[in-house]
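Q: Before I look at the coordinates, could you take me through the reading of a sheet, a pocket and a pair of packed helices, one feature at a time?

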Amino acid sequence: GSQPWRYRRSERLYGASLMGSVLFDRIALIGIGLIGSSIARDIKDAGLARDVVISTRSPETLKRAEELELGTAYTISAAEAVRDADLVIISVPVGASGSVAEQIAPNLKPGAIVTDVGSTKASVIAQMAPHMPDSVHFIPGHPLAGTEKSGPDAGFSGLFRDRWCIFTPLADTDPDALARLKAFWEQLGSRIDEMDAEHHDKVLAIVSHLPHIIAYNIVGTADDLGTVTESEVIKYSASGFRDFTRLAASDPTMWRDVCLHNKDAILEMLARFSEDLAYLQRAIRWGEGDKLFELFTRTRAIRRSIVEAGQDVDAPDFGRHTLDAKK
């Protein structure tokens, strides 16, 4: 038998914000960490659903989600959570995608949209697509938003505002279902893009996966220095090292899975990075200042482009002074 549901009436939770903007009667959120809980908060704020059913494997996490009033019903069973859901959003580490798809498949409502938020797409499609019934719309997705924090308390309203959400539709994806899913993410403030899964994985390998791997490695190197870590590295970390530690504080389970499930693209980018690092090493060794200056000038322009594209702010301390002020 399934775990009992703990219902809390949606009118009390959602009634005040239901202003005719309901896009789906019932949404099931499988996984309620940083991304899932941020989605839940935005759904509630904008009144995008009448019911939000939350499921996660950990009873403690589920209890915390209920305390935070993130949904209208809560269950340990992913299979129970998706029953009668019009939209199912899977927010679990990518290595668990196949297992979740297998669990929920028998209970999916015909016509339901099933999507995910995973950072790798080819692997997620390979894991999930074989389990998806022909009667549902499986549309893989990836909101490019997040912080180094994890868990239901880490989520916040507005996480996806002005951030990209990339879809990697399958060849037979229904245009109307895709349009409804795009409308949902647009209500969360996202900008929308589409690309094929392999291209997505290559792009993300350079803009997200490689920077995290480099950060883990640099912080690990500092840790290997032993006595230095305990003194100077920590003491003087208000320089470049501090920025690496933020990335290196990200969820270990998630990033282990990313490395294993986007292996080919990551290894390709690591090989290119290693070649470029060797070039830089030679320039430093032989005192080739012109080569160093040319590289640093090029990379500075990239930073300016990111600010101009609205993906960061050009403020002292990379904008973190605003975060510090909230603490």
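A: Let us begin with a term that the sheet needs: two strands pair if DSSP finds at least two bridges between them. Please keep in mind throughout that this is a predicted model.

Q: Which residue in β9 does P143 stand opposite, and which residue is the bridge partner of G141 there?

A: In general, strands of a sheet pair through backbone hydrogen bonds, either parallel or antiparallel. Here P143 stands opposite C165 in β9, while G141 has F167 of β9 as its bridge partner. Three bridges in total join β8 to β9, which covers residues 164–167, and these two strands run antiparallel.

Q: In which sense do β9 and β10 pair, and over how many bridges?

A: The pairing of β9 with β10 is parallel and extends over four bridges; in one of these strand contacts, W164 has R191 in β10 as its bridge partner.

Q: What is the strand order of the sheet, and is the sheet open or closed?

A: The three strands form an open sheet in the order β8-β9-β10, and the pairing is mixed. Because β8 (141–143) and β10 (191–194) stand at the edges with a single partner strand each, one side of each is left without a neighbour in the sheet. On average, and with direction ignored, neighbouring strands of this sheet are turned by 20° against each other.

Q: How much space lies in the second largest pocket, and which residues line it?

A: The general idea is that rolling a probe the size of a water molecule over the atoms shows where empty space is left. In this model the second largest pocket holds about 240 Å³ of space, and its lining consists of A129, M132, P133, D134, V136, H137, F138, L170, D172, T173 and D174. Sorted by class, that lining has six nonpolar, two polar and three charged residues.

Q: At what angle do α8 and α10 pack, and how far apart are their axes?

A: Two packed helices are described by the angle between their axes and the distance between the axes. For α8 (residues 197–224) and α10 (residues 240–248), the angle is about 115° and the axes lie 8 Å apart, so α8 and α10 are roughly perpendicular to each other. The crossing in which α8 passes α10 is left-handed.

Q: Why are α8 and α11 described as oblique to each other?

A: Helix α11 (residues 252–261) packs with α8 at an angle of about 120°, with the axes 11 Å apart. Angles of 65 to 115 degrees count as roughly perpendicular and those over 145 as roughly antiparallel, and α8 and α11 are therefore oblique to each other. α8 passes α11, too, in a left-handed crossing.

Methods:
Residues are numbered from 1 along each chain as its sequence is written. This is a predicted model: local features need pLDDT of at least 70, side-chain atom pairs count only at pLDDT 80 or more; totals for chains, interfaces and linings use all residues. Side-chain values use heavy atoms; hydrogens and water are left out. Axes are lines fitted to C-alpha atoms, for helices over the stretch in contact, and angles run from 0 to 180 degrees between N-to-C directions. On a 1 Å grid over the protein atoms alone, a cavity is a set of points where a 1.4 Å probe fits but cannot get out, and a pocket is an open set with protein on both sides within 12 Å along at least five of seven lines; lining residues have an atom within 4 Å of a point. Grid points are joined across faces, edges and corners, and a volume is the space filled by probe spheres set on the points. Ala, Val, Leu, Ile, Met, Phe, Trp, Tyr, Cys and Pro count as nonpolar, Asp, Glu, Lys and Arg as charged, and the others, Gly among them, as polar. Angles under 35 degrees count as roughly parallel, over 145 as roughly antiparallel, 65 to 115 as roughly perpendicular and the rest as oblique. A crossing is left-handed if the near helix is turned anticlockwise from the far one by less than a right angle, and right-handed if clockwise.
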